[in-house]
Amino acid sequence: HVSFPYARNPPDKLLGGLLPDGLDERSCRSRYESSMYSRNPARRPSPHLIAKLRRHEELQRRCGPNTDAYSRAVQHLRAGKSVDSPECKYVVSISYRGLGNRILAAASAFLYAVLTDRVLLVDPSNEMDELFCEPFPGTTWLLPRRDFPLASYTNFSIDTAESYGNMLKNKVLSADVPLPAFVYLHLDHDYGDEDKMFFCDDDQRLLSNVQWLVMRTDMYTVPGLFLVTAFQEELDMLFPERDAVFHHLARYLFHPTNHVWGLVTRYYRAYLSRAELRLGVQVRNFDPWTLESPVVLRQITSCLWKEKLLPEVLDTEERSMPLMPGGSTRTTAVLVTSLRSWYYERIKGLYWDRATATGEDVSVHQPSHEGQQQYGKKSHDDRAWAEMYLLSLCDVLVTSGWSTFGYVAQGIGGMTPWVLHKPTNVTSPPEPPCFRDMSMEPCFHAPHVYDCKLKRGADTGKMLPHVRNCEDVSWGLKLV
Ligand code: GDP
């Protein structure tokens, strides 16, 4: 394929029917070009998922912003009036925290919207309106902030009186009184036991009649939805492969805008395309002592060598048989992403200073080193998104446990990563340094631990064979 030099497979513009046809190609090049860059075989979406997405797009068009139905729904909300059987129902997803968190939150809200026949509206805060193309044809997924009656929705918190948890606590919700016009779903990492009742069947039945839901989460709550009995049959049909739920959701929803796609493709062509193997290494340092730590460096190299992801370096400078220029057996490009350049410099130095045991040449690259996490700075998020995407285009991936940044990359790329344990000991690396994950799915960091039927505490990681505790966050849940 001369015109598609990077793909192993014939390009598949609509990703096996996952994407709708007929969207303008020039205004969002990534949507149709991504299959030309990706070398990993993508999972096939089920026919049921494809049909459901087409019906959902129709719902988004019929009820979304700039329709009569939307105006009526906004009027009800402004009047604080609940309606008996609303013609259109909505879930607004608040966008906050890091980009990885925001992507997981929007994907979770979308699946919830699909399962409950609600229109998804994404809060445009924090560049959500500039990083991604519109996913639904003929309408917008962005909440029109200016006319939205809940003016301070971005400040909703665990203390908001209209949160589901607080309404349960204060006993203001019941089947006998009229429902409120909206409910705020506080599904954030700090949520309380009452908020967590969201993941129970009875509570879903009550919420199903509320016209407007506003959701705040910084997590991938999808494994929690798999525990709601009422959703299970539909979820089984939508996702016969349960380890590919986020893979499909992310490839359907999140397409980099042209500017970000330019960052991705120029970098890929210049630094990665010619290598025979691309290894992505995502280094996320949560504790200050890990920012420039020889112990963590040792953890990374011992993971790479032990798992044979990179050739080891020799103690001597030269291998016994010097290679002629161009005589290398194979080349590997390592893409490091990190907020600092320290680890990148060290790994690059290792492979420059010493020869590899196999004679393989290893080049090491890092697109940016932004220093620290920043909020609300445009180029910062563009780069973060471009780097997540570049990681997803690698052939093999090593991620940092606990990081949503890595979860997004592995999901879009369809790769089960090797995961670096979160370092805890200042003097010696964790042993083993990394583990092969159970699946490419993100981990739901703070799930409920409650049996809704028995109404008592329970280990939600033991209820279903395909919803298990995560290896990086032991109390978290993930689909396998
Ligand atoms: P998490 O905190 O690791 O779960 O990931 P998030 O994406 O939610 O938040 C971290 C934020 O820090 C990102 O959104 C970026 O803004 C920034 N960041 C972290 N690691 C990197 C990196 O490797 N490259 C770039 N460009 N930014 C990063």
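# Notebook: looking through a predicted model

I began at Pro465, which I found in the loop between strand S12 (456-457) and strand S13 (467-469). Before going further I noted that this is a predicted model. Is Pro465 buried or exposed? I counted 8 C-beta neighbours inside 10 Å, and because a residue with 12 or fewer is classed as exposed, Pro465 counts as exposed. I also looked up how Pro465 stands to Gln373, and the two are 92 residues apart in sequence and 37 Å apart in space, taken from C-alpha to C-alpha.

**Entry on the ligand**

Next I turned to the ligand, which has 20 residues around it, and I wrote down that the closest are Gly98, Leu99, Gly100, Ser403 and Thr404. The elements that give two or more residues to this shell are helix H4 (99-115), helix H14 (378-392) and helix H15 (404-413). Which element gives the most to the shell around the ligand? I found that H14 does, with 5 residues. When I sorted the shell by class, I had 4 nonpolar, 10 polar and 6 charged residues.

**Entry on helix H10**

I then looked at helix H10 (residues 245-253), where 8 of the 9 residues are buried, so the helix is largely enclosed by the rest of the structure. I listed the buried residues as Val245, Phe246, His247, His248, Leu249, Ala250, Arg251 and Tyr252. What do the buried residues of H10 pack against? I found helix H2 (47-63), H4, helix H8 (222-225), H15 and strand S14 (477-479). H4 and H15 had already come up in my entry on the ligand, as elements that give two or more residues to its shell.

**Entry on the core and strand S4**

The largest nonpolar core has 122 residues, and of these Leu213, Val214 and Val334 touch the most other members. H4 gives the most to this core, with 12 residues. I followed Leu213 further and, leaving aside its neighbours within four places in sequence, I found it in contact with Tyr90, Val91, Phe182, Val183, Leu185 and Leu207.

Leu213 belongs to strand S4, and I noted that Leu213 and Met215 point one way from S4 while Trp212, Val214 and Arg216 point the other way, with all of them buried. Why is strand S4 (residues 212-216) largely enclosed by the rest of the structure? It is because 5 of the 5 residues of S4 are buried.

I looked for the partners of S4 and found two. Strand S1 (residues 90-93) runs parallel to S4 and is joined to it by 4 bridges, and the bridge partner of Ser93 in S4 is Met215. Strand S3 (residues 182-186) also pairs with S4 in the parallel sense, over 5 bridges, and here His186 has Arg216 as its bridge partner in S4. Between S3 and S4 I traced helix H7 (residues 201-207), and the three elements make a right-handed β-α-β unit.

**Entry on strands S6 and S7**

Val334, one of the core residues I had written down, led me to strand S6 (residues 331-337), which pairs with S7 in the parallel sense over 5 bridges. The bridge partner of Val334 in S7 is Val364. Which side chains of strand S7 (residues 361-365) point to the buried face? I found that Val362 and Val364 point to one face and are buried, whereas Asp361, Ser363 and His365 point to the other and are not. I recorded a right-handed β-α-β unit here too, made by S6, helix H13 (residues 342-353) and S7.

**Entry on backbone angles**

Last, I checked the backbone, keeping in mind that most residues other than glycine have a negative phi, and most peptide bonds are trans. Asp117, in the loop between H4 and strand S2 (119-122), has a phi near 55°, a positive value in a residue other than glycine. I counted 13 C-beta neighbours inside 10 Å for Asp117, so it counts as partly exposed. Lys455 also has a positive phi, of about 55°, although it is not a glycine, and I found it in the loop between strand S11 (450-451) and S12. With 10 C-beta neighbours inside 10 Å, Lys455 counts as exposed.

The peptide bond from Glu431 to Pro432 is cis, with omega near -5°. I placed Pro432 in the loop between strand S9 (418-420) and strand S10 (434-436).

Methods: Residues numbered from 1 in each chain as written. Predicted model: local features only at pLDDT ≥ 70, side-chain atom pairs only at ≥ 80, totals over all residues. Near = placed C-beta within 6 Å. Nonpolar A, V, L, I, M, F, W, Y, C, P; charged D, E, K, R; others polar. Buried ≥ 20, exposed ≤ 12 C-beta atoms within 10 Å, placed from the backbone. Contact = placed C-beta atoms within 7 Å. Core = buried A, V, L, I, M, F, W, Y, C linked by C-beta atoms within 7 Å. Pairing = 2+ DSSP bridges. Right-handed = clockwise from strand over helix to strand, strands pointing away.
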